[in-house]
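Dear colleague,

Here is the structure I said I would pass on. My notes follow below it.

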Amino acid sequence: MANKNKKQLPQASGAFKKAVEGVTVQGSSKVSSKRADDNYDVVIIGAGFAGAIAARELSKAGMRTLILEARERPGGRTFNADFNGARLEMGGTWIHWGQPHIWAEMRRYGLDVKESIGATPEKTNWVVNDKLIEGTSERNFEILGNAYKKFVDVDGQMGRTIFPQPFSPLLNNNYKKFDSLSLTERMKEIDLSDEERDVLSSLTAMCCHGDPDKAGFLDMLKWNANAYYDVGVMWDMCARYKIKTGTESLIQAILEDGSADLKLSTPVSEVRQDINGVQVTTALGSTYKANTVVVTLPLNIIKDVSFFPALAPPKLASSTLGHTGKGTKFFVLIKQKVGRWSASAPYPRRIVAAWSDYENEQGTTIVCFGPQGLVDITDRNDVQSALREILPGAEVLDVTGHDWATDPYAKGTWCWYNSNQFTDSLAALQGAEGRLHFASADSANGWRGFIDGAIESGLRASQEIKAKYVVENS
Ligand SMILES: Cc1cc2nc3c(=O)[nH]c(=O)nc-3n(C[C@H](O)[C@H](O)[C@H](O)COP(=O)(O)OP(=O)(O)OC[C@H]3O[C@@H](n4cnc5c(N)ncnc54)[C@H](O)[C@@H]3O)c2cc1C
């Protein structure tokens, strides 16, 4: 029997919904779809932040640029959707002025931020030994701070010697001795009270958004270094400030600033390069030719596209392994006004972290994170029972979310490497192969796994190409 509480979840949004393959919906006004079979200087695969930035930079440098995007919208692992009168971030959300690449773009386009209210909570609930504690945020943060210090302080300097310059992660080899450790293994190395263990487990499960048995400890040291070796700063940088007008306003501004053609609903299936150039073939059989290509496919997707000649084995192996980010993020509207509230629960509870995002006349909208597949977000009753484990009495009015793990063009959420993947993958994923250049948040040096990292990588790839292009044409 059909469940009355089951609902359809948003799949796409915005002005790009009606795009079909072969129709150029954005780009230089001088360009029309007639140019579909022309040669381009550069084809960019993917219109997420990495692709949009590369497109802006290369088209501004005078290169004839085409973006081929599988989805019916740009933005990739970021998109906005309507929910009870508000516009929500279904994917990438929080940004910070300490993330230099995105902050430069925010300033460039005059955008501002607003806060998720529960990121600075007054009340916090946490689960210890399967029992819910309804306490103060100060106490919860004290427990977390103590546990976190034991966890990351591998060198008596809060991990500073491992990543002394976090945007140059391969600066020294100190990271190598921690790459084989999983989050779980590191947890076992240190002496934690039950309370510390369960509160820390929530944080690590939330950060890796997957299985802490597989997720590498090194990425925790990396986030820690990115956030100036301080868990409070890390929280502010990763969970508090979002773009007031939505990520859609930033990606739109970047795309409009350049003059690249953008073809939506155009999944690429094959990339073939030889000494004369690159031929890119779409799933429907159209072909585009270019001197060079920027591949911005997410790590978990690279393996799904055929490359001739085959990609370097470490790149392919890393994509086949994938990153650990496969968890859920969903929003719940509850009737109660809970104000500035947050909660944590250890892995593998159904919701490992949650906090209030905003409040309005309808109630409070809470953002929730958990392991993959433990809550059916199309079933209001299931969500309510999961939420009541951390917020007793919560009355769920509505739920929304996007299943990124089964999304064919993402197959995951944000990038967190498995143990050993850092050493094997980072440099390999960034490396150009002939006429192919690679950009992705999933292989950024700084805020890897973040919008900032996507922008950093798009800038790097476009610099590589500009350098080559200038040399070849001088
Ligand atoms: C739930 C969730 C929460 C997140 N929270 C945050 C956060 O709070 N802050 C933050 O900074 N980051 C966050 N992130 C991460 C951030 O959104 C991503 O790291 C970043 O947006 C990735 O950008 P990208 O351009 O590298 O990749 P993507 O955005 O994935 O772009 C790649 C593009 O390639 C396209 N593509 C895939 N296959 C093909 C194909 N065959 N042919 C053509 N195109 C193809 C995709 O459709 C996509 O548009 C979150 C991500 C998720 C999913």
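**Glu464 and its surroundings**

Glu464 has a relative accessible area of 25%, so it counts as partly exposed, since buried is under 20% and exposed is over 50%. Please keep in mind that this is a predicted model. Glu464 sits in helix H12, which covers residues 451-473. Apart from neighbours within four places in sequence, Glu464 has contacts with Gln430, Ala432 and His437. With His437 there is a polar contact between the side chains, at 2.7 Å. Tyr358 is 106 residues from Glu464 in sequence, and their C-alpha atoms are 42 Å apart in space.

The partner, His437, belongs to strand E21 (residues 436-438). Its relative accessible area is 4%, and His437 is therefore buried. The side-chain contact thus joins a residue of helix H12 to a residue of strand E21. Leaving out residues up to four places away in sequence, His437 touches Thr292, Val293, Val294 and Val295, and also Ala432, Ala461, Glu464, Ile465 and Lys468. Ala432 is in contact with Glu464 and is touched by His437.

**Two further side-chain contacts**

Thr423 is located in helix H11 (residues 421-430). With a relative accessible area of 36%, Thr423 is partly exposed. Its side chain and that of Asp179 are joined by a polar contact of 2.4 Å. When neighbours within four places in sequence are set aside, the contacts of Thr423 are with Tyr175, Lys176 and Asp179. Ser180 is 243 residues away from Thr423 along the chain, yet the separation of their C-alpha atoms is 9.2 Å.

Ser137 is in helix H3, given as residues 137-152. Ser137 counts as buried because its relative accessibility is 8%, and the limit for buried is under 20%. In this case the partner is a backbone atom: the nitrogen of Lys123 lies 3.3 Å from a polar atom of the Ser137 side chain. Lys123 is also among the residues that Ser137 touches, together with Pro121, Glu122 and Thr124, when residues up to four places away in sequence are not counted.

**Backbone points to check**

There are two cis peptide bonds to look at. One runs from Phe308 to Pro309, with omega near -5°. Pro309 is in the loop between strand E15 (306-308) and helix H9 (313-321). Another runs from Tyr347 to Pro348, with omega near 0°. Pro348 is in the loop that lies between strand E17 (341-344) and strand E18 (353-360).

Positive phi values come next. Asn129, a residue other than glycine, has phi near 50°. Asn129 is placed in the loop between strand E8 (123-128) and strand E9 (131-136). Its relative accessible area is 44%, so Asn129 is partly exposed. Tyr228 is not a glycine either, and has a positive phi of about 60°. The loop that holds Tyr228 is between helix H6 (218-226) and helix H7 (231-239). Tyr228 has a relative accessible area of 51% and is therefore exposed, the cut-off being over 50%.

**The protein as a whole**

The protein contains twelve helices and 21 strands. For 474 residues, a compact globule would have a radius of gyration near 23 Å, and the 22 Å of the protein agrees with that. Along the principal axes, the C-alpha atoms fill a box of roughly 65 × 55 × 45 Å. Of the 474 residues, 61% count as buried. Among contacts with a separation of 6 or more, 74% are accounted for by residues 24 or more positions apart.

The accessible surface is about 18500 Å², and 51% of that belongs to carbon and sulfur atoms. As for charge, there are 54 positive and 57 negative side chains, and the centres of these two sets are 3 Å apart.

Regards

How values were computed: Residues are numbered from 1 along each chain as its sequence is written. This is a predicted model: local features need pLDDT of at least 70, side-chain atom pairs count only at pLDDT 80 or more; totals for chains, interfaces and linings use all residues. Side-chain values use heavy atoms; hydrogens and water are left out. Helices (H or I, at least four residues) and strands (E, at least two) are DSSP runs, numbered from the N terminus. The radius of gyration is taken over C-alpha atoms; the globule rule is 2.2 Å times the number of residues to the power 0.38. Buried means under 20% relative accessible area, exposed over 50%, partly exposed in between (1.4 Å probe, protein chains only). Contact means heavy atoms within 4.5 Å. Accessible areas come from the Shrake-Rupley method with a 1.4 Å probe; for residues, only the protein chains shown count as cover. Lys and Arg count as positive and Asp and Glu as negative; His and the chain ends are not counted. The place of a charge is taken as NZ of Lys, CZ of Arg, CG of Asp or CD of Glu. A polar contact is a pair of N or O atoms within 3.5 Å; within protein, one must be able to donate a hydrogen and the other to accept it, and residues adjacent in sequence count only if both atoms are side-chain atoms.
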